[in-house]
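Welcome, and please open your viewer. We will go through this structure one selection at a time.

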Amino acid sequence: MKRILDGQKQNMVGPRIKQLRLEKGMTQKTLAERLETLAVYVCRGSISRIEEQKRTITDIELAGIAEVLQVDISEFFKKDE
């Protein structure tokens with residue numbers, strides 16, 4: 001059975017998070033600052049690594065990002081059409 005992740009990528013949702021963040025006109029720094037108000041501590045550098053699929057993401061972080069970006073978590077798993 002093929003693994004979901006290929007060993008190089010640490011998450012599946014990073015590029016979609018970046019796309020949605022940019023659609024909202026938000027910088028990585030702003031996203032990090034807004035997450036902090038929810039007691040979700042992810043620095044700007046970690047957001048960059050998540051978006052580049054070089055860092056794993058926790059469910060708590062994913063829920064916080066969804067709240068800040070005002071999207072349902074399922075949006076992160078949609079493929080580009």
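Start with the contacts of the whole protein: among those between residues at least 6 apart in sequence, 58% join residues at least 24 apart. Keep in mind as you go that this is a predicted model. Now switch to a cartoon view, where you will find 4 helices and 0 strands. Following the chain along the sequence gives the pattern α-α-α-α. If you turn on a surface, the protein exposes about 5600 Å², and carbon and sulfur atoms supply 50% of that area. Of the 81 residues in the protein, 37% are buried.

**First stop: α1 and α4**

Select α1, residues 14-23, together with α4, residues 59-69. How do the axes of α1 and α4 cross? They come within 10 Å and cross at roughly 20 degrees. An angle under 35 degrees counts as roughly parallel, so α1 is roughly parallel to α4. The contact of α1 with α4 divides into 5 nonpolar residues, no polar ones and 1 charged one. Show the side chains to see who takes part: Ile17, Leu20 and Arg21 come from α1, and they meet Leu62, Ile65 and Leu69 of α4. Turn the pair in your viewer and you can follow α1 as it passes α4 in a left-handed crossing.

**Second stop: α2 and α4**

Keep α4 and swap the partner for α2, residues 28-36. Here the two axes also have an approach within 10 Å, and they cross at roughly 110 degrees. Since 65 to 115 degrees counts as roughly perpendicular, α2 is roughly perpendicular to α4. The residues to pick in α2 are Leu31, Arg34 and Leu35, which meet Gly64, Ile65 and Val68 in α4. By class, this contact of α2 with α4 has 4 nonpolar, 1 polar and 1 charged residues. Ile65 is worth a label, as it appears in the contact with α2 and in the contact with α1.

**Third stop: what α4 keeps covered**

Which residues of α4 are buried? Select Glu61, Leu62, Gly64, Ile65, Ala66, Val68 and Leu69. The cover over these buried residues includes α1, α2 and α3. Just after the helix, click on glutamine 70: α4 is followed by this residue, and its phi is positive, near 55 degrees.

**Fourth stop: α3**

Next, select α3, residues 44-51. This helix is mostly covered, with 6 of its 8 residues buried. Colour Gly45, Ser46, Ile47, Ser48, Ile50 and Glu51 to see the buried set. Bring the other helices back into view, and you can see these buried residues of α3 packing against α1, α2 and α4.

**Last stop: glutamine 53**

Finally, move on to glutamine 53, which follows α3 and has a positive phi, near 65 degrees. This residue is found in the loop between α3 and α4. Is glutamine 53 buried or exposed? Its relative accessibility is 14%, and buried means under 20%, so glutamine 53 counts as buried. To see what lies around it, select its contacts: leaving aside residues up to four places away in sequence, glutamine 53 touches Gln8, Lys9, Gln10, Asn11, Met12, Gly14 and Pro15.

Notes:
Residues numbered from 1 in each chain as written. Predicted model: local features only at pLDDT ≥ 70, side-chain atom pairs only at ≥ 80, totals over all residues. Heavy atoms only, no water. Axes fitted to C-alpha atoms, helices over the stretch in contact; angles between N-to-C directions. Helix = DSSP H or I, 4+ residues; strand = E, 2+ residues; numbered from the N terminus. Parallel < 35°, antiparallel > 145°, perpendicular 65-115°, else oblique. Contact = heavy atoms within 4.5 Å. Nonpolar A, V, L, I, M, F, W, Y, C, P; charged D, E, K, R; others polar. Buried < 20%, exposed > 50% of the residue type's maximum accessible area, 1.4 Å probe, protein only. Areas by Shrake-Rupley, 256 points an atom, 1.4 Å probe, with all protein chains shown as cover. Left-handed = near helix turned anticlockwise from the far one by under 90°.
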